[in-house]
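Grab a pencil and open the viewer. Below are some short exercises, each with a solution worked step by step.

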Amino acid sequence: MRHFLNPLDFSVEELDQVLSLAEQIRENPDRFAHVAEGKKLATLFYEPSTRTRLSFEAAMLNLGGKTLGFHSADSSSASKGESVADTIRVISCYADIAAIRHPKEGAPLVASQYSRIPVINAGDGGHQHPTQTLTDLLTIRTLKGRLDHLTIGLCGDLKFGRTVHSLINALSRYEGIRFVLISPEVLRLPTYVIQDVLEAKKIPYQETTSLEEALPGLDILYMTRVQQERFFSEDEYLRLRDSYILDKNKMKLAPQDMYVLHPLPRVNEISVEVDEDPRAAYFMQVQCGVYVRMALIMTLLGLNRKGDSLC
Amino acid sequence: MLNVGRMEEGIVLDHIKAGYSMSIYNYLNLDKLDCSVAIIKNAVSKKMGRKDIIKIQGGLDLVDLDVLGYIDHNITINIVKGGEVVEKRSLSLPKRITNVIRCRNPRCITSLERGLDHVFVLTDPETETYRCLYCEEKYDRR
């Protein structure tokens, strides 16, 4: 039984297989509309995240499966003091696969140690959000036709932004990747990511505080929100919230084939006027998220085995 | 030179960095043992200048080698039988340690669920870096 807790849990080949399956689903969704009939996905969301939960539920429903679960710790047995280990043991009796989101880092790993069904990490604090990474990879592959030899600009909160850390980890396994890290001084990429990933793998990177200077050289601009929930001080959050705002004028500095991604929700960091720009890819990214979660559910449930007439 | 009585059977933890014997005594919970334990501080050493030594009158099972390897893998263990050193063992950094150190990350699941083991994994032997199994936070030895 496999779990998916970290983007690096899958080899590059396995990731490519999931992405290829997601592309097949996108090309012909009807063909996959009944593959998970009779299967149930449990969405165990200890903190609210409408977008991710709905994406998982849509993915399972699109495959012909059913969903059950809770959407906050208050409406789960956690409010009565039940441990993650006990919850997943119980849920293993009800469902075939579980997606778990928890504010505490490592909670999905704990769940996987006690689970009898595959566990997907749907986000654990500031640690990992691997299905967002799959979403980002599929979006980039769809737009650029490849995942290698790209210059990726990461902008905003690079310190607490787990999507950024996961994406760097995942992309660092492809050849010819270069990163431009655009952030305010206090939200710089943590040293351990720089040392353990970028420097350890000799991946070229450049740190800058200027979005304008970085834009002309990018293939992909990955914008992030400064997340209020990651700050202990309200004043600090308010000071940093609007550090970068991508607008129509800044987009004029970007190449015609540079695409803008964002894990959403956005607040102020991308002006709504950019939505009309054909290079704004963040809503298409949401659609990619559903396809890739469908592919992941199929993979973990063993519904894409070789010899199967589906794939 | 100070002489500590000759030991017939037991183990000697040698080449402890000077000044570290008490922390090793605590980490290994030697205070809970019924047998004799001798701590020698600032002994003269050709190799180290000064060193600490701990002598324990008992078997090797009294000492958690993983804990000791984590604290200082340069320590050597001499096994004494019949008053003679019959075996010398060296230590290595353990790949995984359980409930030796505690994760300090307030966002880690171990901060919420108190019954969980605190497990750390050696991620970089060169820099002797250990990370929490759950949240991957690096453990700062300070």
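Before you start, keep in mind that this is a predicted model. In chain A, buried residues account for 45% of the 311 residues.

**Exercise 1. Work out whether the radius of gyration of chain A agrees with that of a compact globule.**

Solution.
- Step 1: Start with the expected value. A compact globule of 311 residues would have a radius of gyration near 19 Å.
- Step 2: Set the model beside it. Chain A has 19 Å, so the two agree.
- Step 3: Add the dimensions. The C-alpha trace of chain A spans about 55 × 45 × 40 Å along its principal axes.
- Step 4: Look at what the chain is built from. Chain A holds 11 helices and 9 strands.
- Step 5: Check how far contacts reach along the sequence. If you take contacts in chain A between residues at least 6 apart, 76% of them join residues at least 24 apart.

**Exercise 2. Find the helix that gives the most to the largest nonpolar core, and follow one core residue to its contacts.**

Solution.
- Step 1: Find the core. It has 113 residues, and those touching the most other members are Ala22(A), Ala98(A), Val260(A), Met294(A), Ala295(A) and Ile297(A).
- Step 2: Pick out the helix. Helix α11 of chain A, residues 282–300, gives the most to this core, with 10 residues.
- Step 3: Follow Ile297(A). Skip its neighbours within four places in sequence, and its contacts are Ala36(A), Leu41(A), Ala59(A), Met60(A), Leu63(A) and Ile97(A).

**Exercise 3. Explain why helix α6 of chain A is described as largely enclosed.**

Solution.
- Step 1: Recall the cut-off. A residue is buried if 20 or more other C-beta atoms lie within 10 Å of its own.
- Step 2: Apply it to the helix, residues 162–171. Of its 10 residues, 9 are buried, so the rest of the structure largely encloses it.
- Step 3: Name some of them. The buried residues of α6(A) include Arg162(A), His165(A), Leu167(A) and Leu171(A).
- Step 4: See what surrounds them. The buried residues of α6(A) pack against α5 (130–144), β5 (151–155), β6 (178–182), α7 (191–199) and β8 (220–223) of chain A.

**Exercise 4. Hunt for unusual backbone geometry in the loop between β9 and α11 of chain A.**

Solution.
- Step 1: Know what to expect. Most residues other than glycine have a negative phi, and most peptide bonds are trans.
- Step 2: Go to the loop. Both Leu264(A) and Pro265(A) sit there.
- Step 3: Check the peptide bond. The one from Leu264(A) to Pro265(A) is cis, with omega near 0°.
- Step 4: Check phi. Leu264(A) has a positive value, near 60°, and is not a glycine.
- Step 5: Check the surroundings. Leu264(A) has 16 C-beta neighbours inside 10 Å, so it counts as partly exposed.
- Step 6: Now try chain B. In the segment after β8 (129–132) you'll find Glu136(B), whose phi is also positive, near 65°. Glu136(B) has 21 C-beta neighbours inside 10 Å, so it counts as buried.

**Exercise 5. Sketch how chain B is laid out, then zoom in on the hairpin formed by β4(B) and β5(B).**

Solution.
- Step 1: Count the elements. Chain B has 2 helices and 8 strands, and from the N terminus their order is β-α-β-β-α-β-β-β-β-β.
- Step 2: Mark the domains. The domain assignment gives domain 1 (10–90) and domain 2 (96–132), with their C-alpha centres 25 Å apart.
- Step 3: Add the dimensions and burial. The C-alpha trace of chain B spans about 50 × 30 × 25 Å along its principal axes, and 26% of its 142 residues count as buried.
- Step 4: Zoom in. Strand β4(B), residues 76–81, runs antiparallel to β5(B), and 6 bridges join the two. In one pairing, Ile79(B) has Glu87(B) as its bridge partner.
- Step 5: Look at the turn. There are 2 residues between the strands, and Gly82(B) in the turn has a positive phi of about 55°.
- Step 6: Check how covered β5(B) is. Strand β5(B), residues 84–90, is hardly covered, with 0 buried among its 7 residues.

**Exercise 6. Describe the side of chain A that touches chain B.**

Solution.
- Step 1: Count the contacts. 12 residues of chain A are in contact with 12 residues of chain B.
- Step 2: Find the main contributor. On the side of chain A, helix α4(A), residues 107–114, provides the largest share, 3 residues.
- Step 3: Sort by type. The side of chain A that touches chain B has 5 nonpolar, 5 polar and 2 charged residues.

Key
Residues numbered from 1 in each chain as written. Chains lettered and ligands numbered in written order. Predicted model: local features only at pLDDT ≥ 70, side-chain atom pairs only at ≥ 80, totals over all residues. Helix = DSSP H or I, 4+ residues; strand = E, 2+ residues; numbered from the N terminus. Rg over C-alpha atoms; globule rule 2.2 N^0.38 Å. Buried ≥ 20, exposed ≤ 12 C-beta atoms within 10 Å, placed from the backbone. Contact = placed C-beta atoms within 7 Å. Core = buried A, V, L, I, M, F, W, Y, C linked by C-beta atoms within 7 Å. Domains from an automatic or database assignment. Pairing = 2+ DSSP bridges. Nonpolar A, V, L, I, M, F, W, Y, C, P; charged D, E, K, R; others polar.
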